[in-house]
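Please look over the structure below. The report that follows takes up one residue, then the sheet, then the pockets.

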Amino acid sequence: MARPQRIVLIRHGESEGNVDDTVYEREPDHALALTPRGQRQAVEAGIELRGTFGDEPISAYVSPYRRTHETFHLLGLDPSRTRVREEPRLREQDWGNWQDREDVRKQKAYRDAYGHFFYRFAQGESGADVYDRVGAFLESLWRSFEDPDHPRNVLLVTHGLTMRLFCMRWFHWSVAEFESLSNPGNAEYRTLLLGDDGRYRLDRPFERWCTPEPYPLPVRVRCDDR
């Protein structure tokens with residue numbers, strides 16, 4: 001199995017929806033473009049990534065959203081060394097009907113109280129739903145490693161929540177651990193590096209906004225305690 005030396009996950013640059021959520025009333029989420037600032041962020045990230053990849057080949061997977069496609073192209077990777085595929089399973093969480101801003105505001109409040117992983121938006125997805133499709137993508141990714149000529153570098157151009165859920169699935173994080181982590185910033189990336197022991201490690205952690213609080217373990221009752 002030709003496992004890659006590094007798997008890089010990068011969030012798209014700043015989009016129109018990141019600076020003005022009223023845009024969702026006029027445009028579908030998948031069609032939102034990068035802002036000029038988001039374009040600069042992608043260009044700057046591309047300089048760093050090209051230095052990391054060097055002359056090595058890259059296998060790239062890109063979410064089908066406009067902002068992720070624009071981010072990928074602005075990275076400026078050498079097309080002669082980059083094999084790119086559009087991957088719908090890496091898309092953003094489906095938020096449902098964004099046209100009703102007041103309803104979206106209420107649902108976000110419900111989600112914050114209920115939990116980002118389990119709460120399902122009306123006509124949309126929960127974090128658990130995204131986790132399932134990311135898991136299906138991971139199975140396909142692992143099968144691709146069976147190719148003896150698989151590139152040493154994998155690049156996933158995706159979204160913040162999807163990045164966290166990918167790492168949750170890969171490293172077997174708990175739901176409590178996932179809930180405690182923040183999304184990376186626009187055009188920020190994280191890298192899974194293959195170590196000499198055959199294990200992948202995250203190059204730097206996601207920022208933590210709270211301490212994980214797992215459910216307490218049940219108290220075991222012995223027969224002689226009854």
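Does His 159 count as buried or exposed? His 159 counts as buried, because its relative accessibility is 0% and the cut-off for buried is under 20%. Keep in mind that this is a predicted model.

**Around His 159**

His 159 sits in the loop between strand 4 and helix 6. Leaving aside residues up to four places away in sequence, His 159 touches Arg 11, His 12, Ser 63, Tyr 65, Arg 67, Thr 68, Leu 90, Arg 91 and Glu 92. Arg 11 is also a residue of strand 1, where it is buried. Ala 187 lies 28 residues from His 159 in sequence, and their C-alpha atoms are 9.4 Å apart.

**The sheet**

Strands of a sheet pair through backbone hydrogen bonds, in parallel or antiparallel fashion. Here, six strands make an open sheet of mixed pairing. Their order is 3-2-4-1-5-6. Strand 3 (82-86) and strand 6 (200-202) form the edges, and each pairs on one side only. From one strand to the next, the twist averages 20°.

Strand 1 covers residues 6-11. On one side, strand 1 runs antiparallel to strand 5 (residues 189-194), with five bridges joining the two. Strand 1 also runs parallel to strand 4, and six bridges join that pair.

Val 8 has a partner in each of these neighbours. Thr 191 stands opposite Val 8 in strand 5, and Leu 155 stands opposite Val 8 in strand 4. Next along strand 1, Leu 9 has Arg 190 of strand 5 as its bridge partner.

How many residues of strand 1 are buried? Six of its six are, so the strand is described as mostly covered by the cut-off of under 20%. Both faces are covered. Arg 6, Val 8 and Ile 10 are buried on one side. Ile 7, Leu 9 and Arg 11 are buried on the other.

Two helices lie across strand 1. Helix 3 (residues 66-74) lies across strand 1, strand 2 (58-62), strand 3 and strand 4 (153-158). Helix 3 runs at about 140° to strand 4. Helix 6 lies across strand 1, strand 4, strand 5 and strand 6, and runs at about 150° to strand 1.

**The two largest pockets**

| Pocket | Volume | Nonpolar lining | Polar lining | Charged lining |
|---|---|---|---|---|
| Largest pocket | about 490 Å³ | six residues | nine residues | eight residues |
| Second largest pocket | about 370 Å³ | 10 residues | four residues | four residues |

Which residues lie nearest the centre of the largest pocket? They are Arg 11, Glu 92, Trp 95, Arg 111 and Asn 183, out of 23 lining residues. Arg 11 and Glu 92 are also among the residues that His 159 touches. Helix 1 (16-19), helix 4 (101-114) and helix 6 (160-171) each give at least two residues to this lining. Helix 6 has the largest share, with three residues.

The second largest pocket holds about 370 Å³ of space. Its lining has 18 residues, and Gly 115, Val 175, Ala 176, Glu 179 and Glu 213 are the closest to its centre. Helix 4 and helix 7 (175-179) each supply at least two lining residues. The largest share, four residues, comes from helix 4. Helix 4 thereby contributes to the second largest pocket as well as to the largest pocket.

Key. Residues are numbered from 1 along each chain as its sequence is written. This is a predicted model: local features need pLDDT of at least 70, side-chain atom pairs count only at pLDDT 80 or more; totals for chains, interfaces and linings use all residues. Side-chain values use heavy atoms; hydrogens and water are left out. On a 1 Å grid over the protein atoms alone, a cavity is a set of points where a 1.4 Å probe fits but cannot get out, and a pocket is an open set with protein on both sides within 12 Å along at least five of seven lines; lining residues have an atom within 4 Å of a point. Grid points are joined across faces, edges and corners, and a volume is the space filled by probe spheres set on the points. Ala, Val, Leu, Ile, Met, Phe, Trp, Tyr, Cys and Pro count as nonpolar, Asp, Glu, Lys and Arg as charged, and the others, Gly among them, as polar. Two strands pair if DSSP finds at least two bridges between them. Axes are lines fitted to C-alpha atoms, for helices over the stretch in contact, and angles run from 0 to 180 degrees between N-to-C directions. Contact means heavy atoms within 4.5 Å. Buried means under 20% relative accessible area, exposed over 50%, partly exposed in between (1.4 Å probe, protein chains only).
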